[in-house]
Structures are given as structure tokens and as C-alpha cells.
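Visitor: Could you take me in for a close look at one part of this protein? I'd like to stay with a single spot and see how it fits in with the rest.

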Amino acid sequence: MASLQDIAVSAGFNLLSAFIFLLAFALLRIQPFNDRVYFPKWYLRGLRNSPMHTGAFVGKIVNLDFKSYLKFLNWMPDALKMPEADLIEHAGLDSAVYLRIYMIGFWAHLVMEYAFTFWACFILYKEYARVTAMRLQFIASERRRPDQFSVLVRNVPPDADESVSELVEHFFLVNHPDHYLTHQVVYNANKLAKLVEEKKKKQNWLDYYQLKYSRKQDIRPTTKTGCLGLRGEKVDAIDYYVAEIERLAKDIAEERERLDRDPKCIMPAAFVSFKTRWGAAVCAQTQQTRNPTIWLTEWAPEPRDVYWPNLAIPYVHLSIRRLIISVSFFFLTFFFMIPIAAVQSLASIEGIEKSAPFLKPVVEMRFIKSVLQGFLPGLALKLFLIFLPTILMMMSKFEGFEAISALERRSASRYYIFNFVNVFLGSVIAGSAFEQLHTYVHSSVQVIFVTIGVAIPMKATFFITFIMVDGWAGIAGEILRLKPLIIYHLKNFFLVKTEKDREEAMDAGSIGFDTGEPQIQFYVLLGFVYAVVTPILLPFILIFFAFSFLVYRHQIINVYNQEYESAAAFWPDVHGRIIGAMVFSQLLLMGLMSTKEAASSTPFLIALPILTIWFHRFCKGRFEPAFKMYPLQEAMMKDTLERSRDPNFNLKGYLQTAYVHPVFKNDDEDEDDMLENKLATEAVLVPTKRQSRRNTPAPSKMSSGSPPKHIDI
């Protein structure tokens, strides 16, 4: 167990690391040649000009304004002064609400010692109400988006007489005659997408070698045809990649032709668009037939949010896939505790001396011993979990979720569960878990909570070191962006030829909800658990929340460019996990109290988890419907207001290509014009081939009876 001196050494080491990271960030961010790394969002929106375009040559690389070095900390007030309304307009509601998770952790832990459960419930209620109001206000005030008018229809039943496209059209013309507008069937274009991506990579290599040759034309560049260009036959690089691109172009053309002709490539699913939000809301939130397993409808994700590969998964396979992943995650979670326990034991003084006896004289040195006990266990655990988010995201993709936001929410949920079982419970009881496994299996739930409750205070020093490594130094490393900094300059030096290449190189992507949110929730759990039994942990957590809020507010404003907008759809999950952490901490407190002289007071604590669960159910019934449903009243108000403001808007033209698979879209303007003309002319009602559908109503003036074919390719 680490002593106070060990903790002090660890604190000094991590504070020094954080200070170095922050100082490096403050100096690097004001250099002209790093401007696109630390402010990519402003460039992508065309709101910032590169300082490298003006001034002397040296001034394009190094900042010669010495006064700016005196203001190297001005990023902090800049990150805080943007009003929340402007932040939502600038970065979207998802990013703004993400920051509020830090705020709720900050304020809840600040007062946790004084009014633990009731104050936390009060904060949660106010935040839920506030986020719900923000969501409804955001939806009411945001610009027109395709997903507001569209639903995703899955499990379309097969029909021997009609294609999926004809079947979808006739079904909605019959059952939604006044509101149906158009639809887009879903294609299994995964093979085509892989070919297009492979061609893009080959084109990048061709561009690289052509650029290399243009700089030094006396030697033709060469490459090897084997794995990663490191083995195989040595050939002329430019000729090789030109031939590869021609081959892929031919394969792409053949695959497109196959998709156009083979009905098996059309999935029993479609994106259906309506004339009004009200019509879309009615369709998305109701059962379409007496058979609840067919014609399943749900709100369509935002086009940017669609994860296209999973739309090709048959709906009947989803349940099997999710069962497989649930079982796999169970074994991953609990068997992962074995290597974590091994790493934790090796990262201790005793483990090092046992595995490497010759290091004992060095390890026993006072300063080295303090560093190892105060820093190494937390660092070892952090490094051991570095690949976990990638594994969990792969599992979520295998499950078949059709939206990127849904993938990130599921990965975040599993990441939190994994951290809870392995990082928290594993660190608390790993030393004796396997020795006492027989006892745990044959013990009551009360005994388990008593055992964990007794062990928790003894692990406070470990979690303090973990917070300093993961929370303090980790967040300082986040703002430095060392990895993106290096990658950007490598790409900029070797691969960037055009402004579009530069934009792709500097794009930082989204904030990483699937990894950041579970980290916040884990610290909330630690705060709840240790607020009463070991409150010395709270200042460390408080510093984490305050520092993280400041850093991520800066990053959201200047760096991260949100890939999609879900209008804070993740908040019910956040609320549920916080409630779970509260209930767990209450049960642990009951277990700990039952072992002390205050055991007689334990029955009075039983009301806390009961009241907390009741509070959760109340909030779930009061606020969660706003995150699952779209009120018809709000939809009608929005439709009416929009019609009065823009009565002549061509909604069908706006929606007709919104959900076309990206591989069918082309950046070539001439082909886009041809596509638009084709979509405009193909407005002929597809005649039904079934006697039972002879009474299909004719399309309205706003709607073509049938959507066009996907694309004439």
C-alpha cells in the first residue's frame, strides 16, 4: 500500500508531466506551421486564414511576435467566454451536452460530503430537465434536415410479384397516402465500398510517387508488390499503381453493374421520406401492420450518422449477432481480470523483486520506491487498457447497429461496464479474488458487498495514483495532441498536394464519445463510492472534472468537428449509469457499516437505494419520452411555421438523394448534374403487378409514385 510520501512523489511527477504538456501546447499552438493542427475546425469552416500565407519566410514557420508568448495562457479564458447558445450553434448540441457531463460531475462531487444522495438526485433532476428542454428547443429551432422527414423501414416481407422498391412504394401509398413522398431502397454495396476504398488508397500512393518523381526526375521510384511494399517483386512504382488503379476501376464498374441488375443486392429495407415531419413522426412511432415483426419502422439516422455496412445485415441475423456478442463480452470482461491482476502484481514493489531479484537494491532506494509505488500501478493499468476501445467498437459493429451514434453509445456502455468490473472491482479485490473465489460463489450477496466494502478504503491510494495518471496527465496530453501533431506534419510533408488533401490531413474528427464518456462516468463512480468512506479522494476527482471541462471546452471550440448530430440522444444512458453508481455506492456503504460498531444503523440506509431507484423511475417516465419520441404537436408546429416561411421549397428534390449510399455519389460535377436530371425525369408511377394492389392511389403533385432507380450506373 502506497504511503503519503509515495502519493506525494506521484503527485509531483504527474503535475510536472501535466505542466510540461501544457507548456508545450501553449508554445506549439502559436507557431504558424502548427496552426492547422490546433485550429482545424476553423479552417474546415473557412473562418480562419493560414498565417503562413503572409510575412517573411521565417515568420511563416516561427512566431516572431514576442508579445504573444506573454499571453500563452489566453486559451483558457477563450475556452470559457463563448456563451452556451453560441457553443451549440458552433459545435452542435451533442458537444455542448457532453461538456455538461463534466459540469454535473464537478458540482456533484464538490458538495458530496454535505448532502450525498439528495443533492446528487436534485442535480440529476435539474440536468435532465435542462437537457430535455435544450433538446426540444434545439429540434424546434434547427435547420431542415433529411432525418426529420424520414424513417428507416426494415424487414420488408418478400413478394414474388414485386420488387422491394415497388413493394415499399405501394405499401406507403396505401397506408400513408397523404404524407408519403419518396423512398430509397438499401443496397448491399459493401463489396463496392471496399473496392472504392482500395482504389482511393492506391491513388494516394500514386500521388505520392508522382510527387516524389517530380522532385527528382533522374530516378524513377520503385516499390515491391508484396505486403506493405516490403516484399515481392521490385517494379516501377508509378506504372504499378497506374495499372492497379485501372484494374480497380474495371472491377468497380463491373460491381456497379451487378448491383444495378441483381435483385439479391437489394436488402429488405428502405429509407422512406414524407412530406411533413408530422407524417414521419406518425410512421416512425406506430406499428404498421398486425404482424409486429414486419414493416418495422424507426426514425432514420442523420445521413452523416448512417453506418452503411451494417444496413446490409439481414434483420433476422441481428438477434443472433447480439447474443453472440453478449456472451463474448461476458467472457472478455471476466477473463480479462486475470491478466489485469497479473500486471498489477508485477507493477508492485513485491512483484518486481520477485520477478527480477537483481533489481532489489535499485527498487529499495527511497526515491525509486516512491516513484514505483505512486506511479507505476496506475500507468501499467492505463497501458494495459489502451486497445480496449477498438475491441469494443468492433464488437458493436458486429452487432449490426445502423447508426454511428448507436455504435458509440453501445461501446460507451460496455466500456463503462468493463471499467467497473476490471478497473474498479478488479483493483479492489484482485489480490484475493481467486483465492476466495469458492467463498464468493457460495456466499450471499450481503457477504460479497461486505467484503468489497471493507477492501475499498484500503485501495484509495491506488485510485489516487490512477486519477493522477489517467486524469491529470492524460487530459494534459489530450490538449497537447502530440500524436495528431506528428501525423499531420508527416502527411503534410509526404502526401499533401491539394487543399483538399490538407483538410483531410488536419481533420480531427469527433470528440470520441465512446471513450470519453465512460471515463467521466468512472470518475463519478469513484466520487460516489469514496465520498463518505475516504473523502481525501474527492479533491483529486474535483481537479479532474474542472481541468477536463476547461480542456474539452477548448477542444470542442477549436479542434473537434462533430461528424453527426443526435440532439443529445445519449443523455438517458448517462443518467442511468450515474444512478447505478449511486445505488452501488449505497450498497457498499451498507456493507462497510455492517462490519463496524455502527452496524445497528445499517437498516436506516436501506431507504437510500429504494428512494434512488424510485427517483430514477420518476425521471425516466418524466423526461425519457422526449429522447425516444417526437411530439406530434411539436412536429405540426414546425411544419406549419416552415410552410409559411418557404411555401415553394422543393422538398422532394431535397430528400431524394439524401440517403443514397456514399459509394454511388461522385464528386464529378458533370455526373452530379446528370444524376439530378435523371432523378427529375424519372417520376413515373410503377404499375402494380398484383391484383390486390389495383386500387393503389395515384401520387400527389408533390410526390412521384415511385422513386427512381438508385443510380443509373
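**A close look at helix H15**

Guide: Let's get our bearings: the chain has 34 helices and 6 strands. Keep in mind that this is a predicted model. The chain has 713 residues, and 50% of them count as buried. Take the contacts between residues at least 6 apart in sequence: 82% of these join residues at least 24 apart. As for the outside, the chain exposes about 35,400 Å², with 62% of that supplied by carbon and sulfur atoms.

Now zoom in on helix H15, which covers residues 315-335. On the surface you'll find a nonpolar patch made of Leu323, Val327, Phe330, Phe331, Phe334, Phe335 and Ile338. Together, these residues have about 700 Å² of accessible area. H15 is the biggest giver here, putting 6 residues into the patch.

Pick out one of them, phenylalanine 334, which sits in H15. Is this residue buried or exposed? Neither, quite: phenylalanine 334 counts as partly exposed because its relative accessibility is 43%, and that label covers values between 20% and 50%.

H15 has a part in something else, too. The second largest pocket holds about 1,200 Å³ of space. It is lined by 40 residues, and the closest to its centre are Glu298, Trp299, Arg409, Ala569 and Phe627. H15 supplies at least two residues of that lining, as do helix H9 (116-141), strand S6 (296-299), helix H21 (404-433) and helix H31 (625-628). The largest share of this lining comes from H21, with 5 residues. So H15 gives residues both to the nonpolar patch and to the lining of the second largest pocket.

Notes:
Residues are numbered from 1 along each chain as its sequence is written. This is a predicted model: local features need pLDDT of at least 70, side-chain atom pairs count only at pLDDT 80 or more; totals for chains, interfaces and linings use all residues. Side-chain values use heavy atoms; hydrogens and water are left out. Patches are made of residues with over 30% relative accessible area and no salt bridge: like charges are joined within 9 Å, nonpolar side chains (Val, Leu, Ile, Met, Phe, Trp, Tyr) within 5 Å. Accessible areas come from the Shrake-Rupley method with a 1.4 Å probe; for residues, only the protein chains shown count as cover. A salt bridge is a side-chain nitrogen of Lys or Arg within 4 Å of a carboxyl oxygen of Asp or Glu. Helices (H or I, at least four residues) and strands (E, at least two) are DSSP runs, numbered from the N terminus. Buried means under 20% relative accessible area, exposed over 50%, partly exposed in between (1.4 Å probe, protein chains only). Contact means heavy atoms within 4.5 Å. On a 1 Å grid over the protein atoms alone, a cavity is a set of points where a 1.4 Å probe fits but cannot get out, and a pocket is an open set with protein on both sides within 12 Å along at least five of seven lines; lining residues have an atom within 4 Å of a point. Grid points are joined across faces, edges and corners, and a volume is the space filled by probe spheres set on the points.
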